[in-house]
Amino acid sequence: MSQEDDYTFAEGIPLAPIAPGTTVLVAGPPFSQAQQFARSMVVSGTDSGEGALFISTTMTSNRLLEACKKVYPALDTDQIGVVDCTGQEVGQADSDIAVKYVSTQNDLTGIGMRFSALYESMYAAASEGRVRTALISLSSMSMYVELRTLFQFAHTLSARIDSAGGLGVFALDPDSHDAQTVNTLSQIADGRIEVRESEDDADGELRVAGLTNQPREWTSFRLGDS
Amino acid sequence: MSYRILCVDGDPAAREETVGSLRTELADIEPVIETAGSVAQAKSALTADTTVVITEYSLADGTGADVVAAADEVAPDAGCILYTDVDPETVDTDSFRGSVTEYVGKGSVFAVERLSQLVRTTIETGAQRSYPVPDSEGSRLAALRSYNLDSDELRSSLDRITNLAASHFEVDIASINIIDEHSQEFLACYGDARDWETMDRENSICTFTILEDEHVMAVEDVREDPRFASRSGGLIDLGIQSYLGANLVTPSGLVIGSLCVYDDKTRTFSANDKAYLRELAALAMEQIILHARLDSKIVVDGGEQ
């Protein structure tokens, strides 16, 4: 049964509300809309004054914002924060979103500290301290740091999200890893949302494991105006 | 269970204020809070039981990075939190040498609240550990502690099982390991394993075996497995290039450790190999239960006497 303070999602995303403190893994190949789905889960709350915080390894803050606006054209950029780890376009954010830059994805200490500092400021500004976090993606980071260090980093991140009553959404492309890596990284999350391409005109399909009252079978989803 | 928090700050007034806030906010878990004013004092105060380290970045004889490095050595499972006025943009993150460290800005309105919440979550979830733990970790540790394993008679029985395992798999090393909260202890050993001492849990292969639903795990080559590749040098030095482990499962389904065989060459293990080791592991667990039944009136896991 959902509670009043559970995190809810935009129309078109067939997920039941998710309890504060939860971290989910969104798993899907690059062409499955998995990453865009993860972004949508996080910007879903900006309408109601929640913060949306991204650790972005694959898109600069500018490209990330464009991608978010594809599904949320009326996005309030005041509520967006980005730790931009791409190492590109440092200091070039062309909007008023809060951006902190880390020059390389293997500086996990730097990413973690900037994330924490940004989280604190967004926690103070967001409605009732509600902040959703997306890490996109674990697969990209795994090319820079070994598995155990990445596990430790993501585990620390999910603990911070848990302690602040936030929502964590970590993206992973399972096809680019072996089973040991996927199984180990899956231990970080409370649940797993698998995403695949849709055979009809939907944007994709999802199914959920590890969370109660969520779709167990493949279910179509739609992402705003994308 | 007692939790040890080390609070490192060169400013005595700030340190006492932090300690006072933590005592109030965490009164329900009654942590033991120790303090230090410098890197040197922090190094003296750290123990293997330290659960959380809270440190200022700027210290008279070094930085918070030095405290975190010392904690990594002495208490690798401890969570580290940088609690500082220093802007993270000006922190020399290279000096942390890749350590994952939390950060809370001291100047924030919510600083004390956030710090206490973070310490609590770090304690409850073991955040900053470099390995996963079973969902049933608390019950698992309670089950482990319900057995009396400190017995020469039991060890002798278990040694016979490691001898059997080594003989069957034609390996030079085999052991029965217990996975405790922060470490792997060797309960029975064959071959060079007799010389092995306690191992940090983060370096133990069995840390991952106890997560297996099938209660058995094979590693063909530690260098090729992403979970162990970064630690493979140390494992190979011990004569461990390949591994097969089967879990010691209590009547309640909780895993207290594993029976393992190690080869110094790359090796594959068949379904029959895995089935055989599981049988031996079940036999070892029966010995542990039998010993507990015979040994005084200890209430063992599952409520039996």
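Let me start with a term: a residue is called buried if 20 or more other C-beta atoms lie within 10 Å of its own. Keep that in mind as we look at this structure, which is a predicted model.

Chain B comes first in my talk. Of its 305 residues, 43% are buried in that sense. The chain has nine helices and 13 strands. Along the principal axes, its C-alpha atoms fill a box of roughly 60 × 45 × 30 Å. And if you take the contacts in chain B with a separation of 6 or more, 62% of them are between residues 24 or more positions apart.

Now over to chain A, and some backbone details. Most residues other than glycine have a negative phi, and most peptide bonds are trans. With that as background, here are three places to look at.

Find Ile136(A) and Ser137(A): the peptide bond joining them is cis, with omega at about 5°. Ser137(A) sits in the loop between strand S5 (131–136) and helix H4 (138–141).

Next, Glu128(A), in the loop between helix H3 (108–125) and S5. Glu128(A) is not a glycine, yet its phi is positive, near 50°. Is this residue buried or exposed? Glu128(A) counts as exposed, because it has 11 C-beta neighbours inside 10 Å and the cut-off for exposed is 12 or fewer.

Last stop: Asn213(A), in the loop between strand S8 (204–209) and strand S9 (219–221) of chain A. Asn213(A) is another non-glycine residue with a positive phi, about 60°. Its count is 11 C-beta neighbours inside 10 Å, so Asn213(A) counts as exposed.

Thanks for listening, everyone!

Notes: Residues are numbered from 1 along each chain as its sequence is written. Chains are lettered from A and ligands numbered from 1 in the order in which they are written. This is a predicted model: local features need pLDDT of at least 70, side-chain atom pairs count only at pLDDT 80 or more; totals for chains, interfaces and linings use all residues. Helices (H or I, at least four residues) and strands (E, at least two) are DSSP runs, numbered from the N terminus. Two residues are in contact if their C-beta atoms, placed from the backbone, lie within 7 Å.
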